[in-house]
Amino acid sequence: MSKGRLRTFDEQIVLDRAMQLFWLRGYEGTSLSQLVDAMGISRQSLYDTFGNKRALFLRTLEHYQKTQLVEGLALLTRDGSPVENVKALLRFFDALARDSRARGCFVANTLVELGPHDAEIAAVVRGILATLQGAIEANLIDAKRAGELAPHKQPDELAAALLNAVLGIAVAGRLAHDPNESPLVLAGTLRMLD
């Protein structure tokens, strides 16, 4: 930011606007002009506050983790049944995937678009996914202790399979698909917990 000039915008609000645009259009599909328009700030303010487009994108991934992911993870810390909490998390991600804007999941989209050729972004995404998988596994360990999970089911294997299912649901959410298919996929995923 230039010396003597006060910031006239809420950084979290404009960061959320950038995240929404990247989420909808992807990194490559989003231009600086579109970002400036969506964020409602000048190009210079974008550079002064967030750096370049790539640095802004990394900040939006962090913002996603602190907003959307935290909201989902909060479902796992509720009182009651650990298995029901995991099911609530799966329903949460299914609802994100079925959003009428066909955005899928921001992290899954990033994994597919940039993960294969951007090591830094791939590491950030892997960290987010590891956090999610670890939280699911912790709930499944509690579920097993409480007798809610069949003795032959291994929490680590099941958590990995559920994360994979969530990613599949999220990627499918980016596509124009049959709306009747989503409930079937979710039902099959939930049945993994029976």
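**Exercise 1. Helices α4 and α5**

Determine how helix α4 and helix α5 are oriented to each other in this predicted model, and state which residues make the contact.

*Solution.* Step 1: α4 covers residues 53–74 and α5 covers residues 82–97. Their axes lie 8 Å apart and pack at an angle of about 130°.

Step 2: Angles over 145 degrees count as roughly antiparallel, and 65 to 115 as roughly perpendicular. The angle falls in neither range, and α4 and α5 are therefore oblique to each other.

Step 3: From α4, the contact draws on Tyr-64, Gln-68, Leu-69, Glu-71, Gly-72 and Leu-73. From α5, Leu-89, Phe-92, Phe-93 and Leu-96 take part.

Step 4: Sorted by class, the contact of α4 with α5 contains 7 nonpolar, 2 polar and 1 charged residues.

**Exercise 2. Helices α7 and α8**

Describe the crossing of α7 and α8, including its handedness, and classify the residues of their contact.

*Solution.* Step 1: The axes of α7 (residues 119–145) and α8 (residues 155–173) come within 8 Å and cross at roughly 135°.

Step 2: With the roughly antiparallel class reserved for angles over 145 degrees, α7 and α8 are therefore oblique to each other. The crossing of α7 and α8 is right-handed.

Step 3: On the α7 side, the contact residues include Leu-129, Leu-132, Ile-136, Leu-140 and Ile-141. They meet a set in α8 that includes Pro-155, Leu-158, Ala-159, Leu-162 and Leu-167.

Step 4: The residues of the contact of α7 with α8 comprise 12 nonpolar, 1 polar and 3 charged.

**Exercise 3. An aromatic pair**

Classify the ring pair of Phe-57 and Phe-106, and establish which parts of the chain the pair ties together.

*Solution.* Step 1: The structure holds 8 aromatic pairs. In the pair of Phe-57 and Phe-106, the ring centres are 5.6 Å apart and the planes stand at 70°. Planes over 60 degrees apart count as edge-to-face, so the pair is edge-to-face.

Step 2: Phe-57 belongs to helix α4 and Phe-106 to helix α6 (residues 106–113), so the pair ties together parts 49 residues apart in sequence.

Step 3: Both Phe-57 and Phe-106 are buried. Ring pairs also link these two with Phe-22, Trp-23, Tyr-27 and Tyr-64 into a cluster. Tyr-64 also takes part in the contact of α4 with α5.

**Exercise 4. The overall fold**

Summarise the secondary structure, the extent and the burial of the protein.

*Solution.* Step 1: The protein has 9 helices and 0 strands.

Step 2: Its C-alpha trace spans about 65 × 35 × 30 Å along the principal axes.

Step 3: Of the 194 residues, 44% are buried.

How values were computed. Residues are numbered from 1 along each chain as its sequence is written. This is a predicted model: local features need pLDDT of at least 70, side-chain atom pairs count only at pLDDT 80 or more; totals for chains, interfaces and linings use all residues. Side-chain values use heavy atoms; hydrogens and water are left out. Axes are lines fitted to C-alpha atoms, for helices over the stretch in contact, and angles run from 0 to 180 degrees between N-to-C directions. Helices (H or I, at least four residues) and strands (E, at least two) are DSSP runs, numbered from the N terminus. Angles under 35 degrees count as roughly parallel, over 145 as roughly antiparallel, 65 to 115 as roughly perpendicular and the rest as oblique. A crossing is left-handed if the near helix is turned anticlockwise from the far one by less than a right angle, and right-handed if clockwise. Contact means heavy atoms within 4.5 Å. Ala, Val, Leu, Ile, Met, Phe, Trp, Tyr, Cys and Pro count as nonpolar, Asp, Glu, Lys and Arg as charged, and the others, Gly among them, as polar. Rings of Phe, Tyr and Trp (its six-membered ring) pair if their centres lie within 6.5 Å; planes under 30 degrees apart count as stacked, over 60 as edge-to-face and the rest as tilted. Buried means under 20% relative accessible area, exposed over 50%, partly exposed in between (1.4 Å probe, protein chains only).
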